[in-house]
Amino acid sequence: MDLMPYCLSKPGAHEDEPWESDVVAKVGDKIFAFVGADSVTLKCGRDREEADELVRVYPDDVTPSAYIGRYGWNTIRLGGAVPLDELRELIDMSYDAIVAKLPKSRRPAG
């Protein structure tokens, strides 16, 4: 399941490889999705408590992300119990959360 085309359909989104073999989707200079072959890491809440709601619903397929999990980021296993339409909604939410943090002058139009 390749989610990068969906990520890149967002206004102002672009692909980057900030670390060798780590592909991410960014808006401006901020990452909103870490896209791997078998998982995607997204901002799933304002903090760990909010992001844990998704972990409780899908305990076998969603885990707090290493290093940035305390900031509300989760890693979601692809091909598991999380349906594609919900994955797209989570991408939308992650994108919106990151855009909201950008200075207004750097937010994409649309």
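**Exercise 1. The start of helix α2**

Find which backbone nitrogen the side chain of Asp47 reaches at the start of α2.

*Solution.* This is a predicted model, so work from its computed atom positions.
- Step 1. Go to the start of α2 and pick out Asp47.
- Step 2. Follow its side chain to an oxygen.
- Step 3. That oxygen comes to within 3.2 Å of the backbone nitrogen of Glu49.

**Exercise 2. The two sides of α2**

Sort residues of helix α2 (residues 48–57) into buried and exposed, and explain the pattern.

*Solution.*
- Step 1. List the buried residues: Arg48, Ala51, Leu54 and Val55.
- Step 2. Look down the axis. These residues lie on the same side of α2, because they cover an arc of only 110 degrees around the axis.
- Step 3. Recall the rule behind this. An α-helix has 3.6 residues a turn, so residues three or four places apart point the same way.
- Step 4. Turn to the other side of α2. Glu49, Arg56 and Val57 are exposed there.
- Step 5. Ask what covers the buried residues. The cover includes strand β5 (62–64), strand β6 (73–77) and helix α3 (84–101).

**Exercise 3. Arg48 and Asn74**

Which polar contacts do the side chains of Arg48 and Asn74 make?

*Solution.*
- Step 1. Place the two residues. Arg48 is in helix α2. Asn74 is in strand β6.
- Step 2. Check burial, for which the cut-off is under 20% relative accessible area. Arg48 has 17%, so it counts as buried. Asn74 has 0%, so it is buried too.
- Step 3. Start from Arg48. Its side chain makes a polar contact of 2.8 Å with the side chain of Asp52.
- Step 4. Move on to the pair itself. The side chains of Arg48 and Asn74 are joined by a polar contact of 2.5 Å.
- Step 5. Now start from Asn74. Its side chain also reaches the backbone oxygen of Ala51, at 2.9 Å.
- Step 6. Widen the view, leaving out neighbours within four places in sequence. Arg48 is in contact with Val55, Pro64, Gly69, Arg70, Gly72, Trp73 and Asn74. Asn74 touches residues including Val40, Cys44, Leu54 and Val62.

**Exercise 4. Ala33 in its strand**

Is Ala33 buried or exposed, and which residues does Ala33 contact?

*Solution.*
- Step 1. Locate Ala33 in strand β3 (residues 30–35).
- Step 2. Read its relative accessible area. The value is 0%, so Ala33 is buried.
- Step 3. Skip its neighbours within four places in sequence. Ala33 then contacts Cys7, Val23, Val24, Ala25, Val40, Thr41 and Leu42.
- Step 4. Take one distance along the way. The C-alpha atoms of Ala33 and Asp16 are 10 Å apart, with their positions 17 residues apart along the chain.

**Exercise 5. The cysteines**

How many disulfides does the structure hold?

*Solution.*
- Step 1. Recall the bond. A disulfide is a covalent bond between the sulfur atoms of two cysteines.
- Step 2. Count. The structure holds zero disulfides.
- Step 3. Check Cys7. Its nearest cysteine sulfur is that of Cys44, 12 Å away. The cut-off for a disulfide is within 2.5 Å, so this pair does not qualify.
- Step 4. Check burial. Cys7 is buried, at 0% relative accessible area. Cys44 counts as buried as well, at 9%.

**Exercise 6. An unusual phi**

What is notable about the phi of Tyr67?

*Solution.*
- Step 1. Find Tyr67 in the loop between β5 and β6.
- Step 2. Recall the usual sign. Most residues other than glycine have a negative phi.
- Step 3. Compare. Tyr67 is not a glycine, yet its phi is positive, about 70 degrees.
- Step 4. Add its surroundings. Tyr67 counts as exposed, at 76% relative accessibility.

**Exercise 7. The whole chain**

Describe the chain by its elements, its dimensions and its surface.

*Solution.*
- Step 1. Count the elements: three helices and six strands.
- Step 2. Read them in sequence order. The pattern is α-β-β-β-β-α-β-β-α.
- Step 3. Test for compactness. A compact globule of 110 residues would have a radius of gyration near 13 Å, and the chain has 13 Å, which agrees.
- Step 4. Take the box around the C-alpha atoms. Along the principal axes it is roughly 40 × 25 × 25 Å.
- Step 5. Look inside. Of the 110 residues, 39% count as buried.
- Step 6. Follow the contacts. Among those between residues at least 6 apart in sequence, 49% join residues at least 24 apart.
- Step 7. Finish at the surface. The accessible surface is about 6,400 Å², and 51% of it belongs to carbon and sulfur atoms.

Terms used: Residues numbered from 1 in each chain as written. Predicted model: local features only at pLDDT ≥ 70, side-chain atom pairs only at ≥ 80, totals over all residues. Heavy atoms only, no water. Buried < 20%, exposed > 50% of the residue type's maximum accessible area, 1.4 Å probe, protein only. Helix = DSSP H or I, 4+ residues; strand = E, 2+ residues; numbered from the N terminus. Arc of directions from axis to C-beta. Contact = heavy atoms within 4.5 Å. Polar contact = N/O pair within 3.5 Å; in protein donor to acceptor, adjacent residues only side chain to side chain. Rg over C-alpha atoms; globule rule 2.2 N^0.38 Å. Areas by Shrake-Rupley, 256 points an atom, 1.4 Å probe, with all protein chains shown as cover.
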